[in-house]
Amino acid sequence: MSFSLFSLNLWNLNQDVRGRMRRLDTYLSAARPTLACFQEVSPLEPGGRPQSDLICTQMPEMTRLYSSQTQWNEREEGLAMLSSLPLISFDSFMLPEAPKDQQRRLQIAVFRYRGKKIIVANTHLAFREDQDNFRLIQVEIILKHLASSAKHHETSAIILVGDFNSTPNSLPIAKVLDDQLQLRDPFAKTDLRRFGHTFAAESPYADVTATNRWIDYVFVTDCFEIQSLELSLNGSLSGDYVSDHAALEITFELSGRSNSKK
């Protein structure tokens, strides 16, 4: 039995947030992902529920994990993770701050799947295009936290997702792929990568001065056998954007190579 993951930068509370969340909820209620990770998640009002509570509403069994990350012009912004898998543990960590940026965070959750442990990490790195050196430092801290979690939980089944604000040939992405954790990018060398992008300048929600870029990722270890990959909510179906980003979707199975224990 396979499981699926969905990841998307929600574009916080901009332009008709409730309408965008209703459309996203309809999509996810039909897709029914096992795991869903979101970036740029904000409470609908100060001290209120995060907008991630407005999606996956037809899946009440999903555990919802929200972490406040930063403040943008007095608006709280964070990360959210939703899962129908049994939760073993959850934590979040602050990342080094880049100049003229805000505080960034990493979520790490450990879930049980078919008697094995899976580590799922969600993050959103510094956003300015010229800050790859600072994103590299943030990635180094992320990899250390993942290595520590893998050792503690005795598992090599790791998934790292998020908006890295870094293109595929950048230093931060190279660091992820060259690390001893042996994470890989399933979308690399696919037609989706060659002809697609995750930041969509043509989206009605995008900054008109921006350009198309691939900056969102799902990294996995070899414990996972990839069954399908998809770039969705990217305007391909009658302009079905709900954000200035497209969503990444992946379906996979956990192979026998995981070292996790029951």
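Here are a few exercises, with worked solutions, on a predicted model.

**Exercise 1. Find the edge strands of the open sheet that runs S5-S6-S7-S8-S9.**

Solution.
- Start with the layout: five strands form this open sheet, and their pairing is mixed.
- Now look for strands with a single partner. Those are S5 (87–95) and S9 (216–220), so each has one side without a neighbour in the sheet.
- As for the twist, neighbouring strands are turned by 15 degrees against each other on average, if you ignore direction.

**Exercise 2. Work out how S7 and S8 pair, and what packs on the sheet.**

Solution.
- A bit of background: strands of a sheet pair through backbone hydrogen bonds, in either a parallel or an antiparallel way.
- Here, S7 (residues 116–124) and S8 (residues 158–163) go for the parallel sense, with six bridges between them.
- To pin down one spot, take Ala-121: its bridge partner in S8 is Leu-160.
- Next, look for the helix. H2 (residues 132–153) packs on the sheet and touches S5, S6 (104–113), S7 and S8.
- Compare directions, and you get about 25 degrees between H2 and S6.

**Exercise 3. Describe the salt bridge between Arg-135 and Asp-132.**

Solution.
- Check the distance: the two side chains meet at 2.9 Å, N to O.
- Place the residues: both sit in helix H2, three residues apart, or about one turn of the helix.
- Then ask how accessible each one is. Buried means under 20% relative accessible area. Arg-135 has 0%, so Arg-135 counts as buried.
- Asp-132 has 22%, so Asp-132 comes out as partly exposed.

**Exercise 4. Which parts of the chain does the pair Arg-184 and Asp-222 link?**

Solution.
- First the contact: this is a salt bridge, and its closest N and O atoms are 2.9 Å apart.
- Arg-184 belongs to the loop between helix H3 (171–178) and helix H4 (191–195). Asp-222 belongs to the loop between S9 and strand S10 (224–232).
- The two are 38 residues apart, and the pair links distant parts of the chain.
- Both partners land in the partly exposed class: Arg-184 has a relative accessible area of 28%, and Asp-222 has 41%.

**Exercise 5. Are Asp-185 and Arg-193 buried or exposed?**

Solution.
- These residues form a salt bridge, with 2.7 Å between the closest N and O atoms.
- Both of them are buried.
- To put this pair in context, a search of the whole structure turns up seven salt bridges.

Technical notes: Residues numbered from 1 in each chain as written. Predicted model: local features only at pLDDT ≥ 70, side-chain atom pairs only at ≥ 80, totals over all residues. Heavy atoms only, no water. Pairing = 2+ DSSP bridges. Helix = DSSP H or I, 4+ residues; strand = E, 2+ residues; numbered from the N terminus. Axes fitted to C-alpha atoms, helices over the stretch in contact; angles between N-to-C directions. Contact = heavy atoms within 4.5 Å. Salt bridge = Lys/Arg side-chain N within 4 Å of Asp/Glu carboxyl O. Buried < 20%, exposed > 50% of the residue type's maximum accessible area, 1.4 Å probe, protein only.
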